[in-house]
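Biologist: I would like a close look at a single part of this model, the place where two helices pack against each other, together with the residues around it. Please set it in the context of the whole chain before going into detail.

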Amino acid sequence: MGNVPLLLFLVLFSLSPGGNLIMGNEQKSWCVAKPSSDQATLLSNLNYACSQVDCRILQKGCPCSYPDNLMNHASIAMNLYYQSKGRNHWNCDFRGSGLVSVTDPSYGNCIYA
């Protein structure tokens, strides 16, 4: 019986790729740019996020380079930042221009982490 609490702990928790313990039933979430965001805000978000995380996935020829528009690229960069910071809602704020989604925004070969 002494192993029951440990077993229960292992069942309820799993180790995430980032090395953080997460609840086994925690819902995955992503960060995307709000559709109402203006171009200047999207560019600012893209530049900030890519100064903090590796955005090579957006380079020409990479799976997430298409469609080649600011909304798409900002959303991907914002999500990379959000995921790297532990998926806290405040890491998707981007001065009110980010939106946490529980629907996977991945498309084609572009897989949102």
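Modeller: Of the 113 residues in the chain, 32% are buried, and I should say at once that this is a predicted model. The surface that the chain exposes comes to about 7,200 Å², with carbon and sulfur atoms supplying 60% of it. The chain holds 3 helices and 4 strands, and their order along the sequence is α-β-β-β-α-α-β. Among contacts with a separation of 6 or more, 63% are between residues 24 or more positions apart.

The part you ask about is the pair formed by helix H2, residues 39-52, and helix H3, residues 70-84, whose axes come within 8 Å and cross at roughly 40 degrees. The crossing of H2 past H3 is left-handed. By class, this contact has 12 nonpolar and 4 polar residues, and no charged ones. On the H2 side the residues involved include Leu 42, Leu 43, Leu 46, Tyr 48 and Ala 49, while the H3 side includes Leu 70, Met 71, His 73, Ala 77 and Tyr 81.

Within H3, His 73 deserves separate attention. With a relative accessible area of 11%, His 73 falls below the 20% limit and therefore counts as buried. Setting aside neighbours within four places in sequence, His 73 is in contact with Leu 46 of the partner helix, and also with Leu 58, Cys 64, Ser 65, Pro 67 and Asp 68.

Two of those contact residues, Ser 65 and Asp 68, are also touched by Lys 60, again not counting residues up to four places away in sequence. Lys 60 sits in the loop between H2 and H3, and because its relative accessibility is 66%, above the 50% limit, Lys 60 counts as exposed. Ser 65 and Asp 68 are thus touched both by a buried histidine and by an exposed lysine.

Elsewhere in the chain, strand S3, residues 30-33, offers a further view of burial, since both of its faces are covered. In a regular strand the side chains alternate between the two faces of the sheet. In S3, Trp 30 and Val 32 lie on one side and Cys 31 and Ala 33 on the other, and all four of these residues are buried. S3 pairs with strand S4, residues 98-101, in the antiparallel sense over 4 bridges, and in this pairing Trp 30 stands opposite Ser 101.

Notes:
Residues numbered from 1 in each chain as written. Predicted model: local features only at pLDDT ≥ 70, side-chain atom pairs only at ≥ 80, totals over all residues. Heavy atoms only, no water. Buried < 20%, exposed > 50% of the residue type's maximum accessible area, 1.4 Å probe, protein only. Helix = DSSP H or I, 4+ residues; strand = E, 2+ residues; numbered from the N terminus. Pairing = 2+ DSSP bridges. Axes fitted to C-alpha atoms, helices over the stretch in contact; angles between N-to-C directions. Left-handed = near helix turned anticlockwise from the far one by under 90°. Contact = heavy atoms within 4.5 Å. Nonpolar A, V, L, I, M, F, W, Y, C, P; charged D, E, K, R; others polar. Areas by Shrake-Rupley, 256 points an atom, 1.4 Å probe, with all protein chains shown as cover.
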